[in-house]
Amino acid sequence: MFNTIIKTSLISLVFNLSITSLNFFFGLYFLQITRSAFIFGTLTIIGPLVSLLLTPIMTRIVDTVAHKKILLTAQIVSLVFLLAYWVVVSDHLDAGTLAYVYILMMIIRVSEELFIVTLKASTTQLVEKHKYQRLNASVQSATSVANILGPIVGGLAFSLLTLPFFVFLIIILVGVSILSTSTLKLDPLHRIAATGKNSFGMVIKFIKGRPEILSLVIIAMFINLFASAITIGLPVLVINQLSLSKLVYSFLESLTSVAMVVGGIILTIHTIKDNLKIMYQSMLCFTIIIILFGFPELITHSDLIIIGLLGGLVVAFGLIVVFANTAMTTYLQMEVPENKQGGVYSIINAVSQLFVPLGGLCYGLLFDHFESYQVFISSGFLALVIIIGLLLLTKKRIIKRI
């Protein structure tokens with residue numbers, strides 16, 4: 001069972017890291033060619049937009065088709081189109097071939113989204129119920145590390161490697177991921193076939209009828225929005241406001257990754273007794289963390305103390321992300337019927353991803369026009385009001401558990 005958890009996490013890490021780094025590489029490549037920040041930005045929102053548009057279709061697929069078949073098909077489709085791109089256009093990449101890049105990234109992003117949703121919905125087939133949290137924590141850590149390392153790997157590859165060679169390396173990594181996925185033991189007959197009564201509309205109706213699950217969907221939206229305050233604001237605070245070195249910023253970013261990995265390790269050992277309670281407690285702590293990011297530059301002028309305070313905050317942020325996501329996923333796996341899990345995960349992933357670029361845009365503008373401490377403190381209090389409001393809307397059965 002432990003081997004299954006490790007294998008599943010490594011598959012998630014390799015596949016997600018491959019796609020994330022490739023997307024960032026393409027963005028930098030066309031930024032260099034076209035000198036257009038708009039084009040660079042549009043490549044980063046392909047995934048969220050496509051994911052949102054195809055959510056009803058993904059819901060139907062994940063809840064009706066054998067999961068192992070979906071996982072392998074999603075990866076094989078990515079591999080085939082990467083091979084086609086490598087053979088046909090990689091040696092002639094210029095502004096005129098931008099359309100090919102968009103098509104490639106849309107197909108790969110759809111495959112990645114389908115892979116992520118299906119993998120979450122496959123937990124019930126991979127491990128016993130009491131192992132759900134361990135698998136979720138391990139996969140969450142792997143995915144978080146992939147999302148953080150992706151831009152770093154893509155940036156390094158852009159500086160050191162040619163485009164054809166980098167695409168070839170990605171093809172190899174995806175191939176390894178496919179071979180590993182083929183060894184997972186999933187029951188092809190395990191899924192309960194969805195009928196016309198279990199459509200996307202029925203999934204929406206199910207979510208609306210469960211206040212605590214609806215609140216989690218809403219929280220997923222706003223948390224991704226407010227998390228941009230930290231991801232966008234940290235470099236602004238460290239480099240622009242505090243005039244610290246880029247090395248300090250890199251150090252703080254690496255601490256976040258370390259905290260996520262450590263959080264995953266903790267949750268593979270320690271079992272959460274009440275996932276919903278931990279979810280809401282994590283969100284309340286998250287709002288406090290945002291507020292506290294506004295204080296280091298106000299309370300001290302010592303660089304060493306400021307770095308220490310920021311280090312503690314980014315570690316807390318990383319731990320909260322892992323604890324919250326793991327608790328949410330485990331709760332949904334236990335509470336949502338198996339033939340609706342694909343739909344619920346698709347909706348949460350779609351709305352969450354959509355709010356990432358929106359958050360980046362909003363906070364980019366806010367940090368350009370206001371002091372960083374003003375943005376952090378006001379954002380934290382606004383997030384706190386929203387979380388408390390959601391707690392009240394989910395009625396007494398949720399409030400009593402907190």
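Biologist: Which residues of helix H12 are called buried?

Modeller: They are Asn275, Leu276, Met279, Tyr280, Ser282, Met283, Phe286, Thr287, Ile289, Ile290 and Ile291. Each earns the word by having under 20% relative accessible area; over 50% is exposed, and anything in between is partly exposed (1.4 Å probe, protein chains only). Keep in mind that this is a predicted model, in which local features need pLDDT of at least 70, side-chain atom pairs count only at pLDDT 80 or more, and totals for chains, interfaces and linings use all residues. Residues are numbered from 1 along each chain as its sequence is written, and side-chain values use heavy atoms, with hydrogens and water left out.

Biologist: What is the mean pLDDT of the chain?

Modeller: It is 80, and 87% of the residues reach 70 or more. The score is the predictor's confidence in each residue, on a scale from 0 to 100. Among the elements, H8 (residues 163-181) has the highest mean, 89, and H17 (residues 395-399) the lowest, 51.

Biologist: How many helices and strands are there, and what makes a stretch one or the other?

Modeller: There are 17 helices and zero strands. Both are DSSP runs numbered from the N terminus: a helix is H or I over at least four residues, a strand E over at least two.

Biologist: Why is the span of H12 said to be close to the expected one?

Modeller: The expected span is 1.5 Å times one less than the number of residues. For the 18 residues of H12 (275-292) that gives 26 Å, and the distance from first to last C-alpha is 25 Å.

Biologist: And what caps the N-terminal end of H12?

Modeller: Asp274 does, with a side-chain oxygen 3.3 Å from the backbone nitrogen of Leu276. That distance fits the cut-off for a polar contact, a pair of N or O atoms within 3.5 Å; within protein, one must be able to donate a hydrogen and the other to accept it, and residues adjacent in sequence count only if both atoms are side-chain atoms.

Biologist: Which residues touch the most other members of the largest nonpolar core?

Modeller: Among its 72 residues, they are Phe286, Phe293, Leu310 and Leu332. H10 gives the most to this core, with 16 residues. A nonpolar core is a set of buried Ala, Val, Leu, Ile, Met, Phe, Trp, Tyr and Cys residues joined through side-chain atoms within 4.5 Å. A second, separate core of 36 residues includes Ile5, Leu104, Met105 and Leu135.

Biologist: What does Phe286 touch?

Modeller: Leaving out residues up to four places away in sequence, Phe286 touches Ile223, Phe226, Ala227, Ile230, Phe317 and Ile320. Contact here means heavy atoms within 4.5 Å.

Biologist: Why is Thr326 called buried?

Modeller: Its relative accessibility is 1%, so it counts as buried. Thr326 lies in H14 (residues 303-335), in contact with Gln133, Asn136, Ala137, Gln140 and Leu267 once neighbours within four places are set aside.

Biologist: Is Ser122 buried or exposed?

Modeller: Buried, because its relative accessible area is 0%. Ser122 sits in the loop between H5 (98-121) and H6 (123-126).

Biologist: Why are Cys285 and Cys362 called partly exposed?

Modeller: Cys285 has a relative accessible area of 39% and Cys362 has 38%, so both fall between the two cut-offs.

Biologist: How many disulfides does the structure hold?

Modeller: Zero. A disulfide would be a pair of cysteine sulfur atoms within 2.5 Å.
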